[in-house]
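Here's a quick round of questions and answers for anyone who likes poking at coordinates. Have a look at the fold, then read on.

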Amino acid sequence: GAALILLLAAGTCASGKDEKQPDTAALLQQALQYRDKLGATTRDLKLAVGLLKEAAGLSSAKQHAGKEPAALPVPGVPELVLVPGGSAAALRELANCYQRGKGVDVNHKLSLELFRRAAELGDAEAQGAMAVRMAFGLHHSNGFEGSSIRHFGRPDEASALLHYYFGAANGDAFSRAALGYRHTFGLGVPKSCWTAVSYYQPVAEAVVQQAVDASKSRGPLGSSSG
């Protein structure tokens with residue numbers, strides 16, 4: 001009797017457990033290793049995209065139908081959905097893949113919506129990417145068709161600046177450089193050399209540090225690995 005009770009209790013606990021959630025950070029890291037390695041093959045790029053989709057929560061609407069948690073439809077791409085809990089960084093990197101055609105066909109409309117979602121989730125680089133699209137009127141889904149730009153829509157300068165400021169505040173180098181340029185010439189913001197320098201300086205420091213790190217990894221000039 002006691003054994004039966006223990007078995008029933010174990011079964012109840014097992015049935016109450018949620019399905020194991022994917023480790024989005026590990027999936028993202030593995031995907032980038034495949035995608036960004038020197039001499040990446042077509043197979044490597046496709047493997048990377050598959051891992052990014054899993055980490056980002058991008059799924060076929062048919063495959064996810066009736067499953068929990070409820071997914072969000074991708075605007076303008078009805079055959080795809082985004083499952084809550086996906087990684088914002090994975091969404092951004094997947095958007096880059098669709099923008100550049102790395103492991104997938106170029107699809108600017110899907111790339112835009114993935115950048116938009118990543119920005120909504122607070123990803124700094126995605127906020128910078130959305131900012132430049134808003135500044136040029138390329139933040140409308142109907143402006144794209146596959147790999148082509150159909151037309152430029154009306155720019156949204158206020159939203160562009162907001163995204164630049166959020167991106168810069170969260171460390172995005174592109175957003176900082178863009179705001180530095182805008183403050184240098186007074187483009188939609190007060191003209192101020194001091195403010196421009198405050199945005200340019202951390203970008204310049206980061207570039208210098210990257211150069212120093214690269215130099216250290218190569219070793220002294222004239223040295224050989226053999």
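Q: In this predicted model, which residues does Arg92 touch, not counting residues up to four places away in sequence?
A: Start by finding Arg92 in helix α5, residues 88-100. Skip everything up to four places away in sequence, and the contacts left for Arg92 are Phe115, Ala118, Asp123, Glu125 and Ala126.

Q: Is Arg92 buried or exposed?
A: The cut-off for buried is under 20% relative accessible area. Arg92 comes in at 12%, so Arg92 counts as buried.

Q: Which helix gives the most to the largest nonpolar core?
A: That core has 36 residues, and Leu94 and Tyr98 are among the members that touch the most others. Elements supplying at least two residues each include α2 (24-36), α3 (42-56), β3 (77-82) and α6 (108-120). With seven residues, the top contributor is α5.

Q: How many residues are in the second, separate core?
A: This one is set apart from the largest core, and its members include Ala131, Tyr164, Ala168 and Ala178. The count for this second core is eight.

Q: What is the strand order in the open sheet?
A: The edge strands are β1 (58-60) and β2 (72-74), each pairing on one side only. β2 runs antiparallel to β3, joined by three bridges. The order of the three strands is β1-β3-β2.

Q: Which residue in β3 does Val74 stand opposite?
A: Val74 is one of the core residues touching the most other members. Leaving aside neighbours within four places in sequence, Leu110 is in contact with Val74 and Val77, among others. In β3, the residue opposite Val74 is Val77.

Notes
Residues are numbered from 1 along each chain as its sequence is written. This is a predicted model: local features need pLDDT of at least 70, side-chain atom pairs count only at pLDDT 80 or more; totals for chains, interfaces and linings use all residues. Side-chain values use heavy atoms; hydrogens and water are left out. Helices (H or I, at least four residues) and strands (E, at least two) are DSSP runs, numbered from the N terminus. Buried means under 20% relative accessible area, exposed over 50%, partly exposed in between (1.4 Å probe, protein chains only). Contact means heavy atoms within 4.5 Å. A nonpolar core is a set of buried Ala, Val, Leu, Ile, Met, Phe, Trp, Tyr and Cys residues joined through side-chain atoms within 4.5 Å. Two strands pair if DSSP finds at least two bridges between them.
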